[in-house]
Amino acid sequence: MYYIVLKTDMNIGSEQWKKLLEEGAANLNIHIDRKITDQFSIHATELIKWNRKINLTTITDPVEFAVKHFLDSIAPARVMPLCGRMLDIGSGGGFPGIPLKILIPSLSVTLIDASRKKISFLKDIIRKIKLTEINALQIRAEEMAKEKTVENCFDVIICRAFSRLDKIILKALPLLAKDGIIIAMKGKLSESELESAGKYNLSLTVEKYKLPYLELERSLVILKLKKLCNQ
C-alpha cells in the first residue's frame with residue numbers, strides 16, 4: 001500500500017523522490033544527506049535522457065528507479081571498506097559503482113563495461129557530478145586480467161546481476177588484491193549456484209535482506225579468497 005501511495009505524482013529527481021531515497025537508505029541502516037541525493041538525482045536524470053538513445057535501463061517508474069538502481073546499489077556499503085581500490089565489473093548505467101563512489105568518496109573506483117556507448121555515458125556522468133579518483137574503461141575483465149600491473153589489482157571487486165557466481169569468481173579472481181573481497185549482488189540464490197563456488201579455495205558469506213518499499217529479496221555474496229593474485 002505504501003508503494004502505491006508513493007507512486008502518485010512523483011518525478012525522478014523531485015524533492016519527494018530524494019526524500020524517498022533518504023528514508024529508504026535509513027531502512028537499510030545507511031545514512032545519506034541532501035548532497036548525496038542531489039548527486040543521485042543528476043545521475044538519474046541524465047540516465048533517463050541518455051536512455052532515449054542507448055539502452056541503459058528498462059525501469060522508468062520513479063519508485064522502482066530509486067529502489068532497484070540506487071538503494072540496491074548502496075546496500076553493499078555496510079560490508080565495504082572505507083578506502084581502497086574498487087572495480088565494478090559490467091557497470092552498465094553506473095550501478096553499483098557510481099552510487100557507491102558518491103556514498104564513500106574515499107574509494108578509488110574503476111568502472112568497466114564492454115559497450116563503448118555505455119562507457120561514454122559513464123564518463124559524461126563522472127564529469128557532470130565532478131567525481132574524482134574514478135574512471136570508466138571499455139574493456140572486459142578477462143582482457144584486463146592479461147595486463148599484470150599494480151593498477152589491475154583491486155581491494156574490492158563488485159558486480160550486480162552480472163552472471164552466475166562461479167563465472168563471477170573466474171573473472172574477478174585474477175584481479176583481486178591481497179586480502180581483497182569479491183561482492184556479488186544477487187537476487188534469490190539457488191543451492192546449486194552456491195555449491196558452484198565450493199570448488200574454489202575461499203570463504204563465503206551470504207547476507208540476505210529486502211529492498212525497502214518493494215520488499216524484493218536480495219543477497220550479498222561476500223567472498224574472501226585464501227589464494228590471491230600475484231602482485
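**Exercise 1. Salt bridges**

Determine how many salt bridges the structure holds, and examine three of the pairs.

*Solution.* Step 1: apply the rule. A salt bridge is a side-chain nitrogen of Lys or Arg within 4 Å of a carboxyl oxygen of Asp or Glu. By this rule the count comes to 15 salt bridges. Side chains of opposite charge can pair when their charged atoms come close. The model is a predicted one, in which local features need pLDDT of at least 70 and side-chain atom pairs count only at pLDDT 80 or more, while totals for chains, interfaces and linings use all residues. Residues are numbered from 1 along each chain as its sequence is written, and side-chain values use heavy atoms, with hydrogens and water left out.

Step 2: take the pair of Arg34 and Glu22. The closest N and O atoms of this salt bridge are 3.4 Å apart. Arg34 belongs to helix 3 and Glu22 to helix 2 (residues 15–27), so the pair ties together parts that are 12 residues apart in sequence. Helices (H or I, at least four residues) and strands (E, at least two) are DSSP runs, numbered from the N terminus.

Step 3: compare the surroundings of these two residues. Buried means under 20% relative accessible area, exposed over 50%, and partly exposed in between (1.4 Å probe, protein chains only). Arg34 is partly exposed at 33%, whereas Glu22, at 19%, is buried.

Step 4: take the pair of Asp72 and Arg160. Their closest N and O atoms are 3.0 Å apart. This pair links distant parts of the chain, with Asp72 in helix 4 (residues 62–74) and Arg160 in strand 4 (residues 154–160), 88 residues apart. Asp72 is buried at 5% relative accessibility, and Arg160 is buried at 18%.

Step 5: take the pair of Glu142 and Lys171. Their side chains meet in a salt bridge of 2.4 Å, N to O. Glu142 lies in helix 7 (residues 141–145) and Lys171 in helix 8 (residues 165–172), so parts 29 residues apart in sequence are tied together. Glu142 is partly exposed, at 39% relative accessibility.

Step 6: look for a network. Glu15, Lys18, Glu22, Arg34 and Asp38 are linked by salt bridges into one network.

**Exercise 2. Cysteines**

Find how many disulfides there are, and explain why Cys83 forms no bond with Cys153.

*Solution.* Step 1: a disulfide is a pair of cysteine sulfur atoms within 2.5 Å. The count by this rule is 0 disulfides.

Step 2: the closest cysteine sulfur to that of Cys83 is in Cys153, and the separation is 17 Å, too far for a bond.

Step 3: Cys83 is exposed, with 53% relative accessibility, but Cys153 is buried, at 7%.

**Exercise 3. Pockets**

Describe the volume and lining of the largest pocket and of the second largest pocket.

*Solution.* Step 1: fix the terms. On a 1 Å grid over the protein atoms alone, a pocket is an open set of points where a 1.4 Å probe fits, with protein on both sides within 12 Å along at least five of seven lines; lining residues have an atom within 4 Å of a point. Grid points are joined across faces, edges and corners, and a volume is the space filled by probe spheres set on the points.

Step 2: the largest pocket holds about 350 Å³ of space. Of its 18 lining residues, the closest to the centre are His69, Gly90, Phe95, Arg160 and Ala161. Helix 4 supplies the largest share of this lining, 3 residues.

Step 3: the second largest pocket has a volume of about 180 Å³. Its lining includes Asp33, Lys35, Ile36 and Lys101. Helix 3 gives the most to this lining, with 3 residues.

**Exercise 4. Ile48**

State where Ile48 lies and which residues it contacts beyond its neighbours within four places in sequence.

*Solution.* Step 1: Ile48 is found in helix 3 (residues 34–51), and is partly exposed at 23% relative accessibility.

Step 2: contact means heavy atoms within 4.5 Å. Leaving aside neighbours within four places in sequence, Ile48 is in contact with Ile12 and Phe65.

Step 3: Ile48 and Ala197 stand 149 residues apart along the chain, and 36 Å separates their C-alpha atoms.
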